[in-house]
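Me: I should like to go through this structure and ask, point by point, what each description rests on. Please set every value against its criterion.

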Amino acid sequence: MRILLVEDDPTVRGFVAKGLKEAGHVVEQADNGKDGLFLAVSESFDCVILDRMLPGGIDGLRLLETLRGQNNATPVLLLSALAQVDERVAGLKAGGDDYLTKPFAFAELLARVEALSRRGRGEGGPQTRLVVCDLEMDLLSRGVKRAGQKIDLQPREFRLLEYLMRHAGQVVTRTMLLEGVWDYHFDPQTNVIDVHVSRLRHKIDKPFPTALIHTVRNAGYMLRSE
């Protein structure tokens, strides 16, 4: 996706931009409302991540109201330290599609951005089945098969494989896995990921002629068919 990130805090902006790029997205950035509005109205984006409180004379709500006033329907995820219900309601009434309060986990932000993109493309209904090559996962029965052969997974292995399948073809970083599968919002400096990926490979790849789980040097892992 092509994403516009409008955030004045350089630490937050750098953290979010880095994670989005690692997930395979193209990111344009602005650190104030004026530049953010200019980019939003002059270029085409799949999603806008918009901080509520911005310098430059145009805050997030004003920027959003201006976009909607021009019939720009690009999905907008609002970021804000203002967590009160009234503030969230104001953001949604101004035309926001979703509202995420700070501090947040990057994995949640990424999931919300991707959900907004799917909604924008009109993909409705919950997903109950994931398929990559000859690997199948039924999210309702919690069953996994490869080439028609049933594979028994432990709960954590199932979560790890589900995460990889939902991001098939993308590089999945250690940070994304720690947040998305283990709910760690920091790197505890353990080899928990390596151990579980090794176990998963033993069940998913070893009995079959083609490996699906690949290591991407100095980056993370990728699930792909070739």
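Me: Which residues does Leu 4 touch, not counting residues up to four places away in sequence?

Reply: This is a predicted model. In it, Leu 4 touches Glu 28, Gly 36, Leu 39, Ala 40, Phe 45, Cys 47, Val 48 and Ile 49. Leu 4 itself is found in strand E1. Gln 29 is 25 residues from Leu 4 in sequence, while their C-alpha atoms are 5.9 Å apart in space.

Me: Why is Leu 4 called buried?

Reply: The relative accessible area of Leu 4 is 0%. Buried means under 20%, so Leu 4 meets the criterion with its value of 0%.

Me: What makes Glu 162 count as buried, and which residues is it in contact with beyond its neighbours within four places in sequence?

Reply: Its relative accessibility is 16%; the limit for buried is under 20%, and therefore Glu 162 counts as buried. Glu 162 belongs to helix H6, residues 155–166. Leaving aside neighbours within four places, the contacts of Glu 162 are Leu 130, Met 137, Leu 139 and Arg 142.

Me: How do you know that Glu 43 and Arg 2 meet in a salt bridge?

Reply: The N to O distance between the two side chains is 2.5 Å. A salt bridge requires a side-chain nitrogen of Lys or Arg within 4 Å of a carboxyl oxygen of Asp or Glu, so the pair qualifies. The bridge links distant parts of the chain, 41 residues apart: Glu 43 is in the loop between helix H2 (33–42) and strand E3 (47–51), and Arg 2 is in strand E1. Glu 43 has a relative accessible area of 32% and Arg 2 one of 24%; partly exposed covers the range between 20% and 50%, so both residues fall in that class.

Me: What makes Arg 146 and Asp 134 a pair that ties together separate parts of the chain?

Reply: Their side chains meet in a salt bridge of 2.9 Å, N to O. Arg 146 lies in strand E8 (residues 143–146) and Asp 134 in the loop between strand E6 (129–132) and strand E7 (135–138), so the bridge joins parts 12 residues apart in sequence. Arg 146 is buried at 1% relative accessibility, whereas Asp 134 is partly exposed at 26%. Elsewhere, Arg 2, Glu 28 and Glu 43 are joined into one network by salt bridges that share partners.

Me: Why is Asp 98 called buried and Arg 112 partly exposed?

Reply: Asp 98 has a relative accessible area of 16% and Arg 112 a relative accessibility of 24%. The dividing value is 20%, so Asp 98 is buried and Arg 112 is partly exposed. The side chains of Asp 98 and Arg 112 meet in a salt bridge at 2.7 Å, N to O. A search of the whole structure finds 15 salt bridges.

Me: Why does Asp 8 count as partly exposed, and which residues gather with it in a patch of negative charge?

Reply: At 32% relative accessibility, Asp 8 lies between the 20% and 50% limits and so counts as partly exposed. Asp 8 sits in the loop between strand E1 (2–6) and helix H1 (10–22). On the surface, Asp 8 gathers with Asp 9, Asp 31 and Asp 35 in a patch of negative charge.

Terms used: Residues numbered from 1 in each chain as written. Predicted model: local features only at pLDDT ≥ 70, side-chain atom pairs only at ≥ 80, totals over all residues. Heavy atoms only, no water. Patch = residues over 30% accessible without salt bridge, like charges linked within 9 Å, V, L, I, M, F, W, Y side chains within 5 Å. Areas by Shrake-Rupley, 256 points an atom, 1.4 Å probe, with all protein chains shown as cover. Lys, Arg positive; Asp, Glu negative; His and termini not counted. Charge placed at Lys NZ, Arg CZ, Asp CG, Glu CD. Helix = DSSP H or I, 4+ residues; strand = E, 2+ residues; numbered from the N terminus. Buried < 20%, exposed > 50% of the residue type's maximum accessible area, 1.4 Å probe, protein only. Contact = heavy atoms within 4.5 Å.
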